[in-house]
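Colleague: I should be grateful for some guidance on reading the backbone and strands of a model.

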Amino acid sequence: MARFDFIVLGAGPAGRRAAIQAAKLGKSVVVVDDRAKVGGVSVHTGTIPSKTLRETALNLSGWRERAFYGQGYRTRATICSDDLDQRIGKTFDYEVAVLEHQFARNGVQTIAGRGYFKSAHEIAIKRELGGSEIEEIIEGEKILISVGTRPYRPAHIPFNQTNVFDSDSFILQPQMPSSLTVVGGGVIGLEYATIFSALDIPVTLIEPNEQLLPFMDREIVDHLVQSMRERGMCLRLGCSLSYVYFSEKGDPICQLADGRLIGSQMVLFAAGREGSTSGLNLEACGLEADGRGRLEVDRTTFQTSVPHIYAAGDVIGFPSLASTSMEQGRAVACHAFGEPICADDQAPPYGVYAVPELSSVGMTEDDARKAGVPYECGIARFRETSRGHIMGLEAGILKLICHRDTRKLIGVHVVGEGASELVHIGQAVLNLGGTIDYFVENSFNYPTLAEGYKVAALDLWNRLQIAPAKSSPEKPRRRKKKAA
């Protein structure tokens with residue numbers, strides 16, 4: 001039986017970062033993944049292909065140039081599914097090659113097969129060899145579960161991989177439907193709905209909650225919603241899906257709980273994901289997943305209830321971002337082998353790659369109100385900056401939130417072109433404890449969208465000049481009447 005210092009189940013962002021970090025600490029490491037190629041959900045069906053699809057759609061449709069050349073402008077007159085698939089395939093091959101090189105360079109072994117627990121320290125791996133299935137057992141001192149998630153597929157939805165898809169099958173065979181209904185207004189649903197809307201496909205979005213993206217600042221989400229409505233997207237918020245049936249022509253029809261019917265050529269069901277833990281035989285190691293297949297961990301060390309077994313990435317739930325998963329994986333390897341973990345006091349950025357993009361770091365207005373923090377906001381509109389006008393941007397805002405008394409930056413929220421890049425400037429100032437004075441007193445390249453930080457900070461500065469009311473104002477004194 002082969003023995004390793006560290007066994008990693010799953011080759012996604014958390015698993016690969018943990019494996020490489022442990023290898024750099026001189027440990028023997030093996031990564032077990034049930035796919036033939038490394039990368040996990042992120043590379044195969046998640047982050048990389050979906051963002052590639054977005055960039056392809058914006059480039060081929062001419063979306064970014066329409067403010068100048070009109071809404072009828074197209075880079076390519078017709079766009080087919082092959083156009084979408086070709087770029088995704090090239091990006092996938094590149095990402096896999098990079099990861100394989102990183103593993104090889106750091107001495108990380110990989111095994112393609114289905115891994116599951118035999119005991120708390122033993123992992124069985126089933127894989128194909130010479131046309132037959134064999135089982136191999138390996139032993140690990142420390143084990144990381146980073147198997148990611150899979151789409152939630154309720155039994156009453158008739159998935160058929162033809163015109164009713166989940167988010168994984170949808171990206172594996174991208175198509176250009178004549179119309180699309182997206183069920184689920186979370187991050188994945190919003191991204192796909194707005195991407196296909198940018199391709200001039202009529203899109204209907206069904207979401208049972210009245211508010212989209214509740215973890216982000218209301219104002220920038222409202223800006224996104226307004227943009228979606230202005231370009232003709234049909235939003236059914238506060239509406240739940242009862243079931244899906246098919247017309248005589250075979251097209252899917254969505255029946256809403258309020259009785260309304262929504263017909264389209266294709267349906268994408270993107271209402272949630274669940275941890276891919278059902279095949280791990282967790283009982284053998286003393287663990288149990290929740291109803292959505294997720295594992296509970298200590299959020300500092302990422303240890304499960306079995307101390308030598310860790311879990312990280314999407315399988316532990318929110319925030320389920322590739323960026324945070326990578327840092328979780330690195331923290332696992334450091335803790336497992338006695339290295340210090342950096343204090344988790346840095347606010348991570350969140351990015352939603354819709355059209356337009358959204359990105360946030362730090363407190364929202366709701367957060368500040370609930371915490372009782374005295375705050376003020378400043379806004380910069382992209383269309384009012386020189387670079388925004390040059391680029392033909394009609395939408396987009398950059399919002400800063402600061403502590404009213406100390407002027408410290410406590411929140412940065414961006415919606416519009418390049419939001420996921422712009423947010424990092426604010427992230428650095430916020431996490432270093434800086435104030436809005438940094439933006440006021442420093443110069444920015446001109447013309448740039450980053451100049452919006454100065455514009456928003458000056459807007460904030462003006463608002464902070466208004467003297468706050470006294471907590472207990474004095475009552476006006478009455479004048480004594482003079483004696484007659």
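Modeller: We shall take a strand, its partner and some backbone angles in turn. This is a predicted model, in which local features need pLDDT of at least 70, side-chain atom pairs count only at pLDDT 80 or more, and totals for chains, interfaces and linings use all residues. Residues are numbered from 1 along each chain as its sequence is written, and side-chain values use heavy atoms, with hydrogens and water left out.

Colleague: Which side chains of strand 11 are buried?

Modeller: In a regular strand the side chains alternate between the two faces of the sheet. Strand 11 covers residues 234-237 (strands are DSSP runs of E, at least two residues, and helices runs of H or I, at least four, numbered from the N terminus). L235 and L237 point to one face and are buried (under 20% relative accessible area, with exposed over 50% and partly exposed in between, for a 1.4 Å probe and protein chains only). C234 and R236 point to the other face and are not buried.

Colleague: In which sense do strand 10 and strand 11 pair?

Modeller: Strand 10, residues 203-207, pairs with strand 11 in the parallel sense over four bridges (pairing requires at least two DSSP bridges).

Colleague: Where should one look for unusual backbone angles?

Modeller: Most residues other than glycine have a negative phi, and most peptide bonds are trans. The bond from F318 to P319 is cis, with omega near 10°. N281 has a positive phi, near 55°, and is partly exposed at 33% relative accessibility. F302 also has a positive phi, of about 65°, but is buried at 7% relative accessibility.
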